[in-house]
Amino acid sequence: MDTEYEDDDHLSDVSLDEEDEELIWRVFYSSLEEKTRDSPLIDDGSEFSESDELDYLSDISDVDDPELVSKYKELKSQNIGNLNEEEKKRLIIANFTDDQMERFESYRRMTVNKPGVKKICNGVLGHSIPQNIAVVLAGLSKSFLGEIITRAFEIQERENKAQLILDIDNKKKQKLDILKNLENGKEVEVDDRKLQYQGDVQKPLLPEHIREAWRLYKLENSGVFNAQWRSQGDADGKLFR
């Protein structure tokens, strides 16, 4: 046990091949460098007041797309206060990148089966709902599905990065064992396989990703009902039947 603990302490001192180091930098650190480069706090000759910096950071603090941040910064400097909502929407769409436009068009083309939504609602409520209510619920379902799927892709990415971290630790342990065996004069077999990041190949979502996304959604949204019956006030009647 003590030997394993000492080996873990020395893993940070073990260096990998250049290709492996480049992969690690690309997966874990390249996005951080892009954010730093696009940050308004860097002195690039432009004038940015302290209040502008605070507003800017609060507006895009949760945006991970450097190109979108750059477009937002450009639009922020323009006078768009006199535009109505429709004109602002057109302006944003006009500044989409090809990838953003493709995702936007895919989202617009996706539809939720309105008869299916109406059938589920009728079964839950015990009576038929109007067609316009079914249309509204279908729109809300589309938005909800988009949020769950986006979160599931984030979970998949974190899973891929976690697997890469495990592979890095295993490779460093193997290299440490090889160095120790060479010092003791033992013959060793060297594994020349390079590290691979599973996120470089787009794979479909698995049911476990969807389940984890739903679990996190329920934890982060207190308004989501648990999967159990609720009583209506002090009465014995069920709120949902």
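**Exercise 1. Work out the order of secondary-structure elements from the N terminus on.**

Start with the element string of this predicted model: it runs α-α-α-α-α-α-α-α-α-α. Next, tally the types: the chain holds 10 helices and 0 strands. Finally, check how much of the chain is hidden: of its 241 residues, 18% are buried.

**Exercise 2. Find the largest nonpolar core and say which elements build it.**

Step one is membership. The core has 8 residues in all: L16, L23, I24, V27, L164, I168, L195 and Y197. Step two is to assign them to elements: α2 and α9 are the ones that give two or more residues to this core. Step three is to pick the top contributor, and that's α2, with 3 residues.

**Exercise 3. Take the salt bridge between K171 and D20 and explain what it ties together.**

First get the distance: the closest N and O atoms of K171 and D20 are 2.6 Å apart. That sits inside the 4 Å cut-off for a salt bridge. Now place the partners. K171 belongs to helix α9 (residues 131–183) and D20 to helix α2 (residues 18–28), so the bridge ties together parts that are 151 residues apart in sequence. Then look at accessibility. K171 has a relative accessible area of 14%, so K171 is buried. D20 comes out at 1%, so D20 counts as buried too. For context, this is one of 8 salt bridges in the structure.

**Exercise 4. Which residues are linked with R151 in a network of salt bridges? Characterise the E220 pair.**

The network consists of E147, R151 and E220. Zoom in on E220 and R151: their side chains meet at 2.8 Å, N to O. The two ends are 69 residues apart, with E220 in helix α10 (residues 207–220) and R151 in helix α9. Now compare the environments. E220 is exposed, because its relative accessibility is 52% and the exposed class begins over 50%. R151 is buried at 14%, since buried means under 20%.

**Exercise 5. Describe the E212–R215 salt bridge and explain the spacing of the partners.**

Begin with the contact: the closest N and O atoms of E212 and R215 are 2.6 Å apart. Next, the spacing: both sit in helix α10, 3 residues apart, so about one helical turn separates them. Last, the accessibility: E212 is partly exposed at 27%, and R215 is partly exposed at 39%.

**Exercise 6. Classify the aromatic pair formed by F96 and F104.**

A pair of aromatic rings is described by the distance of the centres and the angle of the planes, so let's take those in turn.

- Distance: the F96 and F104 centres are 5.7 Å apart, inside the 6.5 Å pairing limit.
- Angle: the planes of F96 and F104 make 65°. Over 60 degrees counts as edge-to-face, so that's the label for this pair.
- Accessibility: F96 is partly exposed at 23%, and F104 is partly exposed at 22%.

How many aromatic pairs does a search of the whole structure find? It turns up 5. Elsewhere, F144, W214 and Y217 form one aromatic cluster.

**Exercise 7. Map the nonpolar surface patch that includes Y107 and M110, then look at what K142 is doing with Y107.**

List the members first: Y107, M110, F144, L145, I149, F153 and W214 make a patch of about 560 Å². Then sort by element: α9 gives the largest share, 4 residues. L145 is found in that helix, and is partly exposed with a relative accessible area of 38%. M110 is in a loop instead, between α7 (98–109) and α8 (114–125), and is partly exposed at 30%.

Now bring in K142. This lysine lies over the face of Y107, 4.6 Å from the ring centre, which fits the 6 Å limit for a charge over a ring. K142 can also be related to M110: their C-alpha atoms are separated by 8.0 Å, although the two residues are 32 apart along the chain.

Definitions and conventions
Residues numbered from 1 in each chain as written. Predicted model: local features only at pLDDT ≥ 70, side-chain atom pairs only at ≥ 80, totals over all residues. Heavy atoms only, no water. Phe/Tyr/Trp six-rings, centres within 6.5 Å; stacked < 30°, edge-to-face > 60°. Buried < 20%, exposed > 50% of the residue type's maximum accessible area, 1.4 Å probe, protein only. Lys NZ or Arg CZ within 6 Å of the ring centre and 35° of its normal. Patch = residues over 30% accessible without salt bridge, like charges linked within 9 Å, V, L, I, M, F, W, Y side chains within 5 Å. Areas by Shrake-Rupley, 256 points an atom, 1.4 Å probe, with all protein chains shown as cover. Core = buried A, V, L, I, M, F, W, Y, C linked by side-chain atoms within 4.5 Å.
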